[in-house]
Amino acid sequence: MREQDLLIGSLLEETWMTLEQVAAACAVEPDWLRRHIDEGLFPHAECVAGVWRFTRVGLVRARRMRQLERDFDAAPELAALMADLLEEMDHLRTRLRQTGT
């Protein structure tokens, strides 16, 4: 099992990761993540005292966006839109499981 897979598997929602940790888990440079934040493509990222913080949701989003950009040569905005749709699908699946449908 790769280290970044282990990290994702054990990350709890209330646990925060730094920009550098998310970048390392996604195998991207921190500048890639900073550019995407500057473009407004990470609505769940939060800056506290000059330090960017991410939850599991932000980590999953970053990995999805990186994969879409790499595999499909997608523009960052398109990768973010697709990540939004995938997040919504995840949310809907969770709701379906909770209702027992």
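Residues are termed buried when their relative accessible area is under 20%, exposed when it is over 50%, and partly exposed in between, as evaluated with a 1.4 Å probe on protein chains only. By this criterion, 33% of the 101 residues of the protein are buried. The structure is a predicted model, in which local features need pLDDT of at least 70 and side-chain atom pairs count only at pLDDT 80 or more, whereas totals for chains, interfaces and linings use all residues. Residues are numbered from 1 along each chain as its sequence is written, and side-chain values use heavy atoms, with hydrogens and water left out.

The protein contains 5 helices and 3 strands, these elements being DSSP runs numbered from the N terminus (helices, H or I, at least four residues; strands, E, at least two). Their succession from the N terminus is α-β-α-α-β-β-α-α. Contacts were defined by heavy atoms within 4.5 Å; among those between residues at least 6 apart in sequence, 51% join residues at least 24 apart. The accessible surface, computed by the Shrake-Rupley method with a 1.4 Å probe and, for residues, with only the protein chains shown counted as cover, comes to about 6,600 Å². Carbon and sulfur atoms account for 56% of this surface.

The 3 strands form an open, antiparallel sheet in the order S1-S3-S2. S1 and S2 stand at the edges with a single partner strand each, so one side of each is left without a neighbour in the sheet. Pairing of two strands requires at least two bridges found by DSSP. Strand S1 (residues 17-18) pairs with strand S3 (residues 51-54) in the antiparallel sense over 2 bridges, and Thr18 has Arg53 of S3 as its bridge partner. Strand S2 (residues 46-48) is joined to S3, also antiparallel, by 3 bridges. Here Arg53 is the bridge partner of Glu46, while Val48 stands opposite Val51. The hairpin of S2 and S3 has 2 residues between the strands, and Ala49 takes a positive phi near 55° there.

Helix H4 (56-72) and helix H5 (76-99) are linked by a loop that holds Ala75. This residue counts as partly exposed because its relative accessibility is 38%. The C-alpha atom of Ala75 is separated by 9.5 Å from that of Met65, 10 residues away along the chain.

For H5, the expected span is 1.5 Å times one less than its number of residues; its 24 residues should therefore span 34 Å, in agreement with the 35 Å between its end C-alpha atoms. Just after this helix, Gly100 takes a positive phi of about 75°. The buried residues in H5 are Ala79, Ala80, Ala83 and Glu87, and their cover includes H4. Glu87 counts as buried because its relative accessibility is 19%. Apart from neighbours within four places in sequence, Glu87 is in contact with His44, Arg61 and Arg64.

A nonpolar surface patch is formed by Leu78, Leu81, Met82 and Leu85, with about 360 Å² of accessible area together. Patches comprise residues with over 30% relative accessible area and no salt bridge, like charges being joined within 9 Å and nonpolar side chains (Val, Leu, Ile, Met, Phe, Trp, Tyr) within 5 Å; a salt bridge places a side-chain nitrogen of Lys or Arg within 4 Å of a carboxyl oxygen of Asp or Glu. Within the patch, Met82 lies in helix H5 and, at 34% relative accessibility, counts as partly exposed.
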